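This report describes the sheet, a helix pair and the internal space of one protein model. The sequence and structure are shown first.

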Amino acid sequence: DRIWPTEVFTSETLKRIVRGLYEVYGRSKKHRLPITRDILQTITATTPQNIEDLNLRTCFLLSFAAFLRMGEVTYSAKDSPGSDRFFETKVTRSCIKFSENNDHVRLHLKRSKTDIKNEGTTILVAAIDSPLCPVKALLQLFKLDPQQPNAPLFSFSGQPFTKDQVHRKLNNLLQANGINPADYTLHSFRKGAAQHAKDSGMRDDQIQALGRWTSQAFQVYFKTSSATLYAY
C-alpha cells in the first residue's frame, strides 16, 4: 500500500537466513486431521433440537460441500451484523439462491481470501441423495429460521456466529462421539473436503478449482489413501 520496494523478499541472503532459522529452531506446525465424510455424518446425524443446532449443522454441511474457509461464514459483533457494510462484504441470506427444482443452490461470496480484487465469486452446490445434502439443510434452515435478506447466513439465536463459538461446539460434538478433538480445527472441514475429492478420483486441477486455490499449495491438504496405494 505504501509502494515500498519489495526486492528484499527475493534476496538470496534473506532466504539463507530463513533456512538457517528453520534448522536451528525447527518448523512448528499444529497437526491437523481432516473432517472426513464419515466424521461429518457422525457429528450431523442427530436431528437439530433447536434453531442454534440447525444453523450449526447447516454450516458444517455447506462448508464441507463448498470447500469453504470457515472465516467466510463466521463473523464477530464488531462486524456489525445488519449494517450496510456487513451486507456489502459478508455472506448474508441473500447470498443463497435456490434453483427452481432445488437440485442446487448458488452461494455468492462477496469477498474471500484469494479474491484480491473483491469481485466476488459464486459457488454452485449440488443437492445429493444423502443425509449430508447441504441443499436440503439450507431449505430447512430457511423454512424454520426465516430471516431478512441482509441478515447473516448463520447465527446463534440472533447472536454472532463467531469462530470461537463454532470451534467450541465442534469440539463438544467430536468428544460426545468418542473422537479426540485435539487434532481438529475449523479448517479440518476444508481439508477433509479436499481429501474426499481426491479419494473420489477428482483431478488435482478440479480440486484446485473447487477450493479456489490460486497455487499448488492445496496439495498439502491430502495424501493418497492406503486403500488406493494397496490397489496399485
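Two strands are taken to pair if DSSP finds at least two bridges between them. The model discussed here is predicted.

**The sheet**

Strand β2, residues 104-109, is joined to β3 by six bridges, and these two strands run antiparallel. On its other pairing, β2 meets β1 over three bridges, also in the antiparallel sense. The result is an open sheet of three strands in the order β1-β2-β3. Its edge strands are β1 (96-98) and β3 (121-126), each of which pairs on one side only. From one strand to the next, the twist averages 20°.

Individual bridge partners can be named in both pairings. The table lists some of them.

| Residue | Stands opposite | Strand of the second residue |
|---|---|---|
| Ile 96 | Leu 107 | β2 |
| His 108 | Thr 122 | β3 |
| Leu 109 | Thr 121 | β3 |

Helix α5 (residues 134-144) packs on the sheet and touches β1, β2 and β3. The direction of α5 makes about 105° with that of β1.

What links β1 to β2 along the chain? The two strands form a hairpin with five residues between them. In the turn, Asn 102 has a positive phi of about 60°.

**The α3 and α6 pair**

Helix α3 covers residues 51-65 and helix α6 covers residues 163-176. Their axes come within 12 Å and cross at roughly 90°. Angles of 65 to 115 degrees count as roughly perpendicular, so α3 is roughly perpendicular to α6.

Which residues make the contact? From α3 they are Glu 52, Leu 56 and Phe 60. From α6 they are Val 166, Lys 169, Leu 170 and Leu 173. By class, this contact of α3 with α6 has five nonpolar and two charged residues, with no polar ones.

**Internal space**

How many cavities of 30 Å³ or more does a search of the whole structure find? The search finds one. The largest cavity holds about 30 Å³ of space.

The lining of the largest cavity consists of Glu 72, Val 73, Thr 74, Tyr 75, Phe 86, Lys 90 and Val 91. These lining residues divide into four nonpolar, one polar and two charged. Tyr counts as nonpolar in this scheme, so Tyr 75 of the lining falls in the nonpolar class. Thr 74 is the polar residue of the lining, because Thr is not among the residue types that count as nonpolar or charged.

Conventions
Residues numbered from 1 in each chain as written. Predicted model: local features only at pLDDT ≥ 70, side-chain atom pairs only at ≥ 80, totals over all residues. Heavy atoms only, no water. 1 Å grid on protein atoms, 1.4 Å probe; cavity = no way out; pocket = protein on both sides within 12 Å on 5 of 7 lines; lining within 4 Å. Points joined across faces, edges and corners; volume = space filled by probe spheres on them. Helix = DSSP H or I, 4+ residues; strand = E, 2+ residues; numbered from the N terminus. Axes fitted to C-alpha atoms, helices over the stretch in contact; angles between N-to-C directions. Contact = heavy atoms within 4.5 Å. Parallel < 35°, antiparallel > 145°, perpendicular 65-115°, else oblique.
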